[in-house]
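This report is written for a reader meeting the structure for the first time. It begins with a single residue and then widens to the helices, a strand and the chain as a whole.

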Amino acid sequence: MIVILNEMITLQKTTDHQLIAQLNEEVQELHARLFPQVFKPYDEASVEHALKKMINNLNCYAFVAFQDGTPIGYMVLLIKEQPENAFMFARESLYIDQIGV
């Protein structure tokens with residue numbers, strides 16, 4: 001699936017965990033620098049492994065934004081299924097797990 005956002009930027013569904021891992025480095029390093037008690041420093045091998053596992057899940061959708069053919073951003077979305085319980089009906093929600101521009 002390719003969505004044209006404007007004449008120069010397109011959004012494309014992907015399973016390329018390596019490309020998303022590369023785009024994630026800047027975001028992960030920023031988070032690790034600002035909140036070192038929460039976020040780990042970027043580690044290419046472990047991030048690639050985690051993204052590959054995540055993206056292969058049927059409830060996961062990954063997209064990369066391209067400007068003139070160059071990747072400039074990404075997002076990883078998860079469909080969260082929540083079963084019915086005594087308080088709520090069963091439902092699905094869209095969760096933005098990763099985003100970087």
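Asn24 has a relative accessibility of 3% and therefore counts as buried, the cut-off being under 20%. The model in which this residue is described is a predicted one. Asn24 belongs to helix H1. Its side chain takes part in two polar contacts, set out below.

| Side chain | Partner side chain | Polar contact |
|---|---|---|
| Asn24 | Tyr74 | 3.0 Å |
| Asn24 | Gln98 | 3.1 Å |

Both partners also appear among the residues that Asn24 touches: once neighbours within four places in sequence are set aside, Asn24 is in contact with Tyr42, Val47, Tyr74 and Gln98.

**The helix pair**

Two packed helices are described by the angle between their axes and the distance between the axes. Helix H1 covers residues 17-34 and helix H2 covers residues 44-55; the two pack at an angle of about 130°, and their axes lie 9 Å apart. That angle makes H1 oblique to H2. The crossing of H1 past H2 is right-handed. On the H1 side, the contact is made by His17, Gln18, Ile20, Ala21 and Asn24, while H2 contributes Val47, Glu48, Leu51, Lys52 and Ile55. By character, the residues of this contact comprise five nonpolar, three polar and two charged. Asn24, the buried residue described above, is thus one of the H1 residues in the contact with H2.

**A buried strand residue**

Strand S4 spans residues 70-82 and includes Val76. With a relative accessible area of 0%, Val76 is buried. Leaving out residues up to four places away in sequence, Val76 touches Ile20, Leu51, Met54, Cys60, Tyr61, Ala62, Tyr95, Ile96, Asp97 and Gln98. Among these, Ile20 and Leu51 also take part in the contact between H1 and H2. Gln98 is touched by Val76 and makes a polar contact with Asn24 through its side chain. The C-alpha atoms of Val76 and Ile99 are separated by 6.5 Å, although the two residues stand 23 residues apart along the chain.

**The protein as a whole**

The secondary structure consists of two helices and five strands. Read from the N terminus, the order of elements is β-β-α-α-β-β-β. Along the principal axes, the C-alpha atoms fill a box of roughly 50 × 40 × 25 Å. The protein has 101 residues, of which 28% are buried. Of the contacts with a separation of 6 or more, 44% are between residues 24 or more positions apart.

Key
Residues numbered from 1 in each chain as written. Predicted model: local features only at pLDDT ≥ 70, side-chain atom pairs only at ≥ 80, totals over all residues. Heavy atoms only, no water. Axes fitted to C-alpha atoms, helices over the stretch in contact; angles between N-to-C directions. Helix = DSSP H or I, 4+ residues; strand = E, 2+ residues; numbered from the N terminus. Parallel < 35°, antiparallel > 145°, perpendicular 65-115°, else oblique. Left-handed = near helix turned anticlockwise from the far one by under 90°. Contact = heavy atoms within 4.5 Å. Nonpolar A, V, L, I, M, F, W, Y, C, P; charged D, E, K, R; others polar. Buried < 20%, exposed > 50% of the residue type's maximum accessible area, 1.4 Å probe, protein only. Polar contact = N/O pair within 3.5 Å; in protein donor to acceptor, adjacent residues only side chain to side chain.
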